[in-house]
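Please take a first look at the model shown here. The report below walks through a few of its strands, loops and side chains.

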Amino acid sequence: QVQLVESGGGLVQAGGSLRLSCLASGRTFSSYAMAWFRQAPGKERELVARITWSVGYTYYTDSVRGRFTIFRDTAKNTLYLQMNSLKPEDTAIYYCAASGSQPITTPEYWGQGTQVTVSS
């Protein structure tokens, strides 16, 4: 059974930085894609960034490109999201996701989420 456990959320002032972590377990992820999604109050969940586990190809949504970096440590089975120059509009619950047999845009597995709050 795949498990994804996020950590690293919190409260930060605008312009600050946070690093989210997602510890993945339950199988080998070499053929998987991993991603970070977020959901702000009253809004739909959106894809923030994604990465292929084996090769490390990345994609970012326009609103975070240049500020956020997605990367993984395959030896630690951990996915990260480095968030710099944070803005109040980045406030949301951030979810780690993984998918092996269907597109990462509709992931098979989700973490429980971690709250990120950016104050102005």
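## A loop residue with positive phi

N77 lies in the loop between β7 (68-73) and β8 (78-83). Strands here are DSSP runs (E, at least two residues), numbered from the N terminus, while helices are runs of H or I with at least four residues. This is a predicted model, in which local features need pLDDT of at least 70, side-chain atom pairs count only at pLDDT 80 or more, and totals for chains, interfaces and linings use all residues. Residues are numbered from 1 along each chain as its sequence is written, and side-chain values use heavy atoms, with hydrogens and water left out.

The phi of N77 is near 50 degrees, a positive value in a residue other than glycine. N77 counts as partly exposed because its relative accessibility is 23%. The cut-offs are these: buried is under 20% relative accessible area, exposed is over 50%, and partly exposed is in between (1.4 Å probe, protein chains only).

## A second such residue

S85 sits in the loop between β8 and β9 (92-99). Its phi is also positive, near 50 degrees, and S85 is not a glycine. At 41% relative accessibility, S85 is partly exposed.

## The open sheet

Four strands make up an open sheet, ordered β1-β3-β8-β7, with antiparallel pairing. Its edge strands are β1 (3-7) and β7, each of which pairs on one side only. Neighbouring strands of this sheet are turned by 15 degrees against each other on average, direction ignored. For such angles, axes are lines fitted to C-alpha atoms (for helices over the stretch in contact), and angles run from 0 to 180 degrees between N-to-C directions.

Strands of a sheet pair through backbone hydrogen bonds, either parallel or antiparallel. Two strands count as paired if DSSP finds at least two bridges between them. β1 and β3 (residues 18-25) run antiparallel and are joined by five bridges. One of the bridge partners is C22 in β3, matched with E6.

## Strand β4 and its partners

β4 is largely enclosed by the rest of the structure, because six of its seven residues are buried. Strand β5 (residues 46-52) runs antiparallel to β4, with six bridges between them. The two form a hairpin with six residues between them. In the turn, G42 has a positive phi of about 75 degrees.

β4 also pairs with β9: seven bridges join them, and the strands run antiparallel. Here A33 has S99 in β9 as its bridge partner.

## R38: buried or exposed?

R38 belongs to strand β4 (residues 33-39). With 6% relative accessibility, R38 counts as buried. Across the hairpin, R38 stands opposite E46 in β5. The side chains of R38 and E46 also share a polar contact of 2.6 Å. A polar contact is a pair of N or O atoms within 3.5 Å; within protein, one must be able to donate a hydrogen and the other to accept it, and residues adjacent in sequence count only if both atoms are side-chain atoms.

A further polar contact, of 2.9 Å, links the side chains of R38 and D90. Leaving out residues up to four places away in sequence, R38 touches E44, R45, V48, F68 and Y94, among others. Contact means heavy atoms within 4.5 Å.

## S99 in β9

S99 is placed in strand β9. S99 is buried, at 3% relative accessible area. Its side chain makes a polar contact of 3.3 Å with the side chain of E108. Beyond four places in sequence, the contacts of S99 include Y32, A33, I104 and P107.
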